[in-house]
Every structure is written in structure tokens, then in C-alpha cells.
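Trainee: Please take me closely through the empty space in this model, with the criteria stated in full.

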Amino acid sequence: MIIFRNYGRGDEVVNVNWLQEVEKRKQHIIQDTQEFLRINSVLDETTATETQPFGAGISKALLHMLNKGKEHQFYVKNIDGYAGVVEMGEGAESVGILCHIDVVPTGDGWVSAPFAAEIRENKIFARGAIDNKGPTMAAFWAMEIVKELQLPLHKRVRMILGTDEESNWRCVEHYFKHEEMPTLGFAPDADFPIIHAEKGITDVSFNWNNHEENDYSELTLISFQSGERFNMVPDKAVVSINGEEKQLVEMATKFNLYLQKNQHNGQVEQTGDLLHLIYEGVAAHGSTPENGLNAGVYLTKFLTQFVFQNSANAFLNFIVEHSDQQGNTLGIALSDDVSGPLTVNLGLMQFKDKGEAQVGLNIRYPVTASFDDCFNRLNKKALEQQAIFTIHDHMEPNYVEKEHPLIQTLQSVYKRQTGEEPTLLAIGGGTYARSLSTGVAFGPMFPGREDVAHKKNEFIDIDDLFRMTALYAEAIYELAKDA
């Protein structure tokens with residue numbers, strides 16, 4: 001494994017061991033990462049204003065990074081609170097590093113407080129540690145190392161700080177209305193070695209309002225709630241049911257047996273003719289629903305053995321019928337050789353006793369598939385179900401050919417520093433790389449590491465933090481050194 005190279009700096013030849021350069025600054029990197037992770041940067045529309053469009057926490061995180069950039073004598077710019085720029089170097093062309101500072105909600109069950117950034121077992125535990133605030137700080141320090149080494153650059157290096165990646169990408173839309181498109185770049189927000197293909201992503205929902213005055217049953221499903229985001233596997237589902245006390249006692253007993261059979265956790269609360277059931281699942285990123293345990297799906301499978309009002313039965317049956325993660329029953333089971341099969345995550349499931357219901361799906365389709373084809377099939381399904389079909393968001397696939405110089409450069413850097421083969425990967429996740437004309441995802445997850453993004457007790461391994469910083473530093477220089 002070769003982790004150093006000789007570079008020219010004027011008439012001087014500089015021998016750079018990138019990992020050693022990181023080691024010299026390791027305490028600063030750890031401290032800055034912890035400090036950044038202690039800022040709660042979950043979307044909070046209740047505190048949104050014109051200057052902080054996604055709430056006070058995200059605004060605080062953005063200003064924190066811009067102030068950090070000023071301290072290190074980078075050029076910085078606040079793009080109306082929607083995004084930030086931290087830049088160094090000169091030149092007409094630029095290398096973009098696309099990061100995001102917003103994080104998903106924390107959920108329950110953390111060992112330490114989600115924003116405490118506590119260190120245990122050589123890991124920093126916090127929401128956003130791996131997705132994406134830890135890698136953002138690694139890329140920031142990579143820029144600082146290149147700057148301190150005074151190596152000659154012929155392209156500008158522009159870190160773009162997004163603020164709405166976990167929701168609707170309004171930050172990217174605003175940024176590109178007002179700022180330049182980097183010549184090429186990468187997003188440190190997925191897996192190593194290199195992700196050159198990202199599936200198309202769409203959030204859609206089936207909605208009903210089937211209230212009927214005669215819609216009556218001895219058991220009444222009053223409310224059902226599971227999921228906070230389309231792109232998260234729900235780790236909790238709650239249902240409230242009204243009925244005769246004897247029936248509810250029987251249901252509670254069966255529910256406990258169901259939990260035991262599946263070896264899952266849950267809770268039962270009963271007061272007279274009102275029963276509350278809580279199912280506990282395992283959260284996961286919506287791009288890999290197979291890695292989670294969908295609490296909403298498991299709870300509906302239990303409930304379908306009982307008879308409720310017609311609107312509730314239709315809601316529950318729809319979820320169970322279309323709970324497979326490949327889209328078979330929806331008629332959208334597509335696949336290709338580049339990026340693999342389509343995936344479906346049931347991220348939102350809601351029902352109210354007046355017949356108002358919603359099932360929200362996060363769909364990741366292959367890079368060669370047609371979105372129009374998917375849309376037509378889903379719309380047909382909605383008509384069959386007498387549902388209103390809504391597209392909430394859609395992002396086209398991203399694909400960079402393996403022969404492209406961006407790919408070749410990153411492969412060389414990765415192989416030189418790790419000694420491992422820089423395999424090209426395809427994912428269902430959506431990174432900011434797809435917003436570039438030419439961009440890929442590069443890290444931060446090393447092969448074999450557990451994917452803890454969006455999960456409770458999310459962490460970043462400190463040794464991995466150093467390794468990715470070294471990789472990003474060399475990649476930045478190699479991409480920016482030539483005109």
C-alpha cells in the first residue's frame with residue numbers, strides 16, 4: 001500500500017504522506033467533529049423564517065460551518081440560508097464537494113443523547129455522525145490540509161453545504177438558481193470505493209377519503225400512525241381501537257403472542273373500551289428497506305385478522321398486499337445490470353376514523369428504467385384502488401461511465417491509499433452527486449462497515465474519520481491540480 005507521493009511545489013519536491021498529515025491534526029479534527037455534531041440540525045419548520053428557511057437548528061449548523069471557514073481563511077458565502085459555500089484556490093473550473101448538514105429525526109432508544117457526540121469504543125455517537133456531518137468535517141479538514149501544504153492548484157475547490165438533503169432538496173434547487181455548476185465533483189455521502197450509479201428516486205402516496213355514515217363495525221379503528229419520513233423504515237407503529245372490553249382483551253392477548261412469535265417488542269395499553277397497541281421495529285434508510293424492520297407493516301399484518309369498518313379494512317389490506325419491497329404487486333418490479341432491482345419502502349402509513357388514509361412510498365428505480373413507465377403503472381393501481389395518486393418528489397438517476405477521468409482519478413487515489421481494488425458500485429441512495437453535471441459519491445462508508453445512517457446510536461469510527469480525511473485530501477489535490 002502506498003500512502004505518500006512526491007509533488008512539485010515550484011522548484012521544491014514535496015513528499016506527502018496523506019494519512020500522516022491527518023495524524024498531525026487529529027485532535028483538531030475530533031474536536032471540530034464533536035462540536036459540529038452537537039448542533040441539532042433536524043428540519044424544524046416551526047422556527048423557519050426568510051433567513052433560516054429550514055429552521056433555527058439547521059441555520060445554526062450552516063453558520064457554524066461558514067464561521068469555521070472564515071477562521072481557516074477560506075472564501076465563504078451564505079446562499080440565503082439555503083446553502084453555503086466554502087472555497088479555496090483560483091481558476092475558471094472548479095471541483096465541487098457536495099455535503100449536507102441537515103439530519104433525520106433522532107427517534108428513541110439511544111444509549112447517549114443523540115446530540116451529545118459522546119466518544120465510546122473509539123467512535124463518536126451522534127445523529128449525523130456518518131450521515132453527513134462527520135464526513136463533511138473530514139472533507140473540510142482535507143481542504144485545509146491541501147491549503148496548508150501550499151500545493152499548486154489550477155481549479156477552485158468549492159465545498160457546497162446543503163441544508164435540505166433529508167427532505168426535499170430545496171437547498172440544491174435554490175443553489176443552482178444563483179450559483180455556478182462545478183466542473184465535476186463528488187459527494188462524501190455513501191460508500192467507498194466509488195458509486196458511479198444512483199437509482200432514480202421518487203416519493204409517492206396513495207390517499208383516500210372514504211368516509212361513509214354507515215361505515216360501522218363492532219371494532220372501530222380510530223387511528224393508525226407509522227413513519228415520519230418517506231425515506232426511513234418506520235421503527236414504530238401505533239394504533240387505537242374502540243370496541244367491547246372483552247373483544248379488546250382478546251385482541252391484546254393475541255397481540256402479545258404475535259410479538260413473542262416474531263421475537264419483536266411492543267406495548268399494550270387498555271382502558272375500558274379503548275385499546276392502544278404499539279409495535280417496535282428497526283429503522284433503516286429507505287434505500288435499503290431490507291435492513292430494517294417495518295413496524296407499520298408488521299402491525300397491519302396482525303390487524304388484518306380482525307374486522308373493522310370498511311375504510312379501515314381497505315387501508316390495512318392495501319398495506320399488506322403491497323408490502324413486498326420489490327414492487328411486484330404494484331406492477332413495477334424492474335431491474336437492470338448496472339444498478340440492480342427496484343426497491344419500495346412503505347415509509348408513511350396514516351389512518352383516521354373518518355376514513356382519511358395515506359400510504360406513502362419511497363421508490364428507487366434502476367438507472368435504465370423509465371420513470372414515466374413507473375408512473376403510469378402506479379397511477380393505474382391507484383385507479384383500481386379508488387385512491388388519489390400523488391407524486392411528492394422525483395430525482396432522475398445518476399450515472400457516470402467508468403472511463404471518465406473523474407472515475408479514473410478517484411480509483412487511483414483509493415487504490416494507492418488502501419491497497420484495495422476500487423470497485424465501482426451502484427446504490428439506491430440519493431446523494432448530492434446527482435445534482436452535478438458530472439459527479440459521483442465517494443465514501444464515507446468503508447467496505448464491511450455497518451450502515452448506521454438513520455439508525456439509533458448512529459456513529460462514526462474515529463480511525464475511519466482519519467482515513468476518509470486522507471482520501472479526500474489527496475482526491476481534492478489530484479482533481480484540482482491540472483488546468
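Mentor: The account below treats the largest pocket and then the largest cavity. The model is predicted, so local features need pLDDT of at least 70 and side-chain atom pairs count only at pLDDT 80 or more, while totals for chains, interfaces and linings use all residues. Residues are numbered from 1 along each chain as its sequence is written, and side-chain values use heavy atoms, with hydrogens and water left out.

The largest pocket (an open set of points on a 1 Å grid over the protein atoms alone, with protein on both sides within 12 Å along at least five of seven lines) holds about 830 Å³ of space, a volume being the space filled by probe spheres set on points joined across faces, edges and corners. Its lining (residues with an atom within 4 Å of a point) comprises 46 residues, of which His285, Ser287, Arg364, Gly429 and Gly430 are closest to the centre. Among the elements giving two or more residues to this lining are β12 (200-209), β19 (343-352), β20 (356-365) and β21 (388-395); strands are DSSP runs of E of at least two residues, helices of H or I of at least four, numbered from the N terminus. The largest share, 4 residues, comes from β21.

As for cavities (sets of points where a 1.4 Å probe fits but cannot get out), 1 of 30 Å³ or more is counted. The largest cavity contains about 30 Å³ and is lined by Ala83, Leu98, Ile160, Gly162, Cys171, Val172, Tyr175 and Phe176. Two or more of these residues come from each of β8 (156-162) and α5 (170-178), with α5 giving the most, 4 residues.
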